[in-house]
Amino acid sequence: MADSRKFIENLSGAGKSIGVLTSGGDAQGMNAAVRAVVRMGIYVGAKVYFVHEGYQGMVDGGDNIKEASWESVSSMLQVGGTVIGSARCKDFRTHEGRLRAALNLVQRGITNLCVIGGDGSLTGANLFREEWSGLLDELVQSGQITEEASQTHSTLHIVGMVGSIDNDFCGTDMTIGTDSALHRIIEVVDAIMTTAQSHQRTFVLEVMGRHCGYLALVSALACGADWVLIPEMPPKDGWEEQMCHKLSENRADKKRLNIIIVAEGAIDHNNKPITTDLIKDLVVRCLGFDTRVTILGHVQRGGTPSAFDRILASRMGVEAVLALLEASPGTPACVVSLCGNQAVRVPLMECVQMTQEVQKAMDEKRFEEAVKLRGRSFENNLNTYKLLSHRKFDTEFPNSSFNVAVLNVGAPAAGMNAAVRSAIRVGITEGHTMFAVSDGFEGFYKGQIKEIKWGDVGGWTGQGGSLLGTKRTLPAKHIDKIAEQMSIHNINALLVIGGFEAFESLLQLVDARSRYEEFCVPMCMLPATISNNVAGTDFSIGADTSLNAIVETCDRIKQSASGTKRRVFIIETMGGYCGYLATVGGLAAGADAAYIYEEPFDIRDLQSNVEHLTEKMKTSIQRGLVLRNENCSENYTTDFIYQLYTEEGKGVFDCRKNVLGHMQQGGAPSPFDRNFGTKIAAKAMQWISKKLKEFYREGRVFANTEDSACLLGMRRRALVFQPVVQLKDETDFVHRIPKEQWWLRLRPLMKILAKYKTSYDVSDAGQLEHIVRPRAKDSSAI
């Protein structure tokens with residue numbers, strides 16, 4: 001059978017020129033996207049031009065349009081905003097302005113544009129493309145360009161990337177800048193919580209989002225806010241009393257503070273604005289609580305991009321260049337975006353029309369439709385928030401209260417507590433009695449099991465580590481005692497949150513079902529490990545927080561070399577045998593190399609890396625960053641690599657080494673981990689309820705099928721429940737890693753962006769897809 005795969009080696013950009021510009025409001029991560037476009041463009045042999053100051057620079061021409069070099073995008077990755085500048089441009093809205101822009105592009109041979117901006121910027125780009133041949137005809141008639149030039153540059157290709165902190169663009173799950181903006185918001189909320197706690201205050205926070213409530217909604221989920229107001233879901237009449245009732249109820253439940261989050265575009269059912277001052281006056285008048293208002297403003301746009309945004313922007317930038325290389329005259333302008341964890345290309349105008357339809361639906365008070373049009377990710381966030389915000393006891397099991405136990409297993413991972421809180425509250429809402437097990441299976445066999453109530457998990461989302469306590473102990477050693485405890489407490493279902501040990505534990509419990517009926521109950525596992533080494537899921541709770549810790553440290557370390565010059569840093573990361581942290585951390589921090597167990601290397605590879613760095617030191621970029629996974633090789637240790645580089649680099653560069661250690665496991669969870677943990681735990685509890693109903697026969701629960709013990713994981717585009725028994729074949733138990741890992745496909749990206757020639761399989765690159773109209777409930781999305 002012929003190999004149908006496509007490789008980057010067969011795509012050439014020779015003779016092509018690409019212009020890259022950032023337009024509209026700035027967003028963190030735009031620079032990472034610019035860097036990726038420039039380097040990928042140069043890599044395939046194209047010329048790449050910076051268009052400074054957005055469309056204004058394109059209209060003004062001159063020095064605003066400059067050819068970019070490999071070194072010119074060095075050190076951009078960790079900088080917020082956009083280095084090449086952005087401006088709102090009135091001139092480009094006029095025909096005359098677009099004519100000047102066309103002339104400037106043709107003079108430099110640019111017929112490929114990569115536009116990074118919001119929907120306004122992308123709509124402008126599409127109009128420009130539609131007018132292109134007409135504009136060239138005008139330029140020929142006025143004698144400004146020749147007929148030949150008009151023929152050579154007859155088609156303008158456009159690829160967009162959405163840079164917007166609001167995440168207000170339909171057709172993409174995450175826009176560049178959204179995750180970083182959430183980081184800023186959560187940092188502020190965490191800081192405010194400590195002062196609010198001290199004084200028993202209520203804080204009303206206004207976050208950005210004039211037309212879109214995404215930031216408000218997700219930050220409310222991530223910090224467990226008492227109330228959230230967003231434009232897509234105006235509160236029902238009488239909301240004022242409801243809100244005040246909820247605030248006072250929470251205070252009565254030992255909670256010393258209240259947080260209310262308001263999107264700047266929040267409205268009521270009559271489309272009248274709901275302002276922070278209005279809410280403050282309401283709380284003071286009705287409850288007499290000490291209330292303060294904080295408006296976050298432009299803080300949300302600022303600061304360094306998060307690891308997620310750097311990776312998203314780098315992946316999208318490379319994908320944009322591929323899309324431009326593959327474009328033919330008939331290809332519509334497209335947007336490269338992310339769906340779940342997969343890069344996709346969607347027609348630009350379909351996205352823009354859908355985005356405009358959301359606004360139209362809101363203007364016409366069709367709010368439920370507006371939420372659906374926003375996309376499945378937004379809708380799921382909203383449903384999870386609703387699920388967690390009300391204690392309702394209209395359960396489907398009126399006569400039977402099931403007992404569900406929750407425990408953490410393995411090493412701590414940030415976000416575990418958010419998952420536990422979500423599971424407990426959704427469980428209570430579903431009518432179950434929830435039990436918390438301390439210290440994993442060790443606590444289980446010792447009987448450290450107690451009922452846990454709604455108020456016991458208040459304020460847990462922002463806490464790092466594991467508040468329940470966690471141990472690596474597996475159940476097999478104490479299986480009889482654990483069965484006994486299951487019987488004593490009459491546990492009808494288990495939710496296990498943890499890493500590889502949690503996976504092994506579930507397999508052992510399933511194996512013990514034939515001997516102990518106590519384990520014939522529904523069991524679900526949520527992957528929570530910084531190493532991200534569990535089969536059946538692309539992401540694990542805790543890995544994003546850990547990546548951010550690595551990237552932040554690498555930024556500091558790189559900066560320390562800015563004065564000394566000619567220095568190479570060897571940094572050791574955690575992860576066991578799994579190279580996820582080293583690889584993805586390397587991509588986000590701009591590393592020159594990352595050594596991992598999954599990609600064997602020998603002394604010749606080390607030698608070529610040293611030579612590559614020696615060449616690099618001759619340019620203006622006089623520093624290097626090398627990441628090494630802790631178990632990548634038994635003999636090529638961090639010390640060995642450090643000594644080799646030191647010896648070989650004598651007279652050219654000096655070396656330093658750094659072992660990051662347990663700082664990768666600590667810290668407050670990132671917004672992604674809080675949100676991911678909260679959503680998958682809520683989904684798992686709903687699955688447990690369904691299974692309990694399914695397996696309830698003659699007064700007891702009996703579940704003995706493969707599909708009654710599952711792992712809930714994120715697979716490409718959806719959240720999937722997979723029987724743990726079936727995941728056995730996908731796992732390498734000796735090295736505690738999955739046999740196939742999606743992120744290995746990101747390794748060539750890291751190498752290309754570090755100027756290595758490499759083979760890159762692009763057959764998986766995004767195909768052009770159409771936006772699917774929202775249909776009946778699809779709850780598999782994340």
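## Two helices that cross

In this predicted model, helix α1 passes helix α10 in a right-handed crossing. The first of these helices, α1, covers residues 30-43, and α10 covers residues 307-326. They pack at an angle of about 35°, and their axes lie 7 Å apart.

If you would like to find the contact on screen, start from the α1 side, where Ala32, Ala33, Ala36, Val37, Met40 and Gly41 take part. Their counterparts in α10 are Arg310, Ala313, Ser314, Gly317, Val318, Val321 and Leu322. Sorted by character, the residues of this contact of α1 with α10 comprise nine nonpolar, three polar and one charged.

## Arg315, also in α10

Staying with α10, let us turn to Arg315, which has its place in this helix. Is Arg315 buried or exposed? Its relative accessible area is 14%, which is under the 20% cut-off, so Arg315 counts as buried.

Which residues does Arg315 touch, once its neighbours within four places in sequence are left aside? Arg315 is in contact with Leu338, Asn341, Gln342 and Ala343, and also with Trp742, Leu746 and Leu749.

## A four-stranded parallel sheet

Further along the chain, four strands form an open sheet with parallel pairing, in the order β19-β20-β18-β21. Why do β19 and β21 each have one side without a neighbour in the sheet? β19 (593-595) and β21 (654-659) stand at the edges and have a single partner strand each, so one side of each is left free of a neighbour there. On average, neighbouring strands of this sheet are turned by 20° against each other, with direction ignored.

In the order given, β20 and β18 sit side by side. Strand β18 (residues 567-573) and strand β20 (residues 623-629) pair in the parallel sense over seven bridges. As a landmark for this pair, look for Val568, which stands opposite Gly624 in β20.

## Helices lying across the sheet

Two helices are worth viewing together with these strands. Helix α20 (residues 603-617) lies across β18, β19 and β20, and runs at about 155° to β20. Helix α21 (residues 638-648) lies across β18, β19, β20 and β21, running at about 165° to β21.

## Asn250 in helix α8

A last stop is Asn250, found in helix α8 (residues 239-252). With a relative accessible area of 11%, Asn250 is buried. How far from Val106 is Asn250 in space? The two are 64 Å apart, C-alpha to C-alpha, and 144 residues apart in sequence.

Note on methods:
Residues numbered from 1 in each chain as written. Predicted model: local features only at pLDDT ≥ 70, side-chain atom pairs only at ≥ 80, totals over all residues. Heavy atoms only, no water. Axes fitted to C-alpha atoms, helices over the stretch in contact; angles between N-to-C directions. Left-handed = near helix turned anticlockwise from the far one by under 90°. Contact = heavy atoms within 4.5 Å. Nonpolar A, V, L, I, M, F, W, Y, C, P; charged D, E, K, R; others polar. Pairing = 2+ DSSP bridges. Buried < 20%, exposed > 50% of the residue type's maximum accessible area, 1.4 Å probe, protein only.
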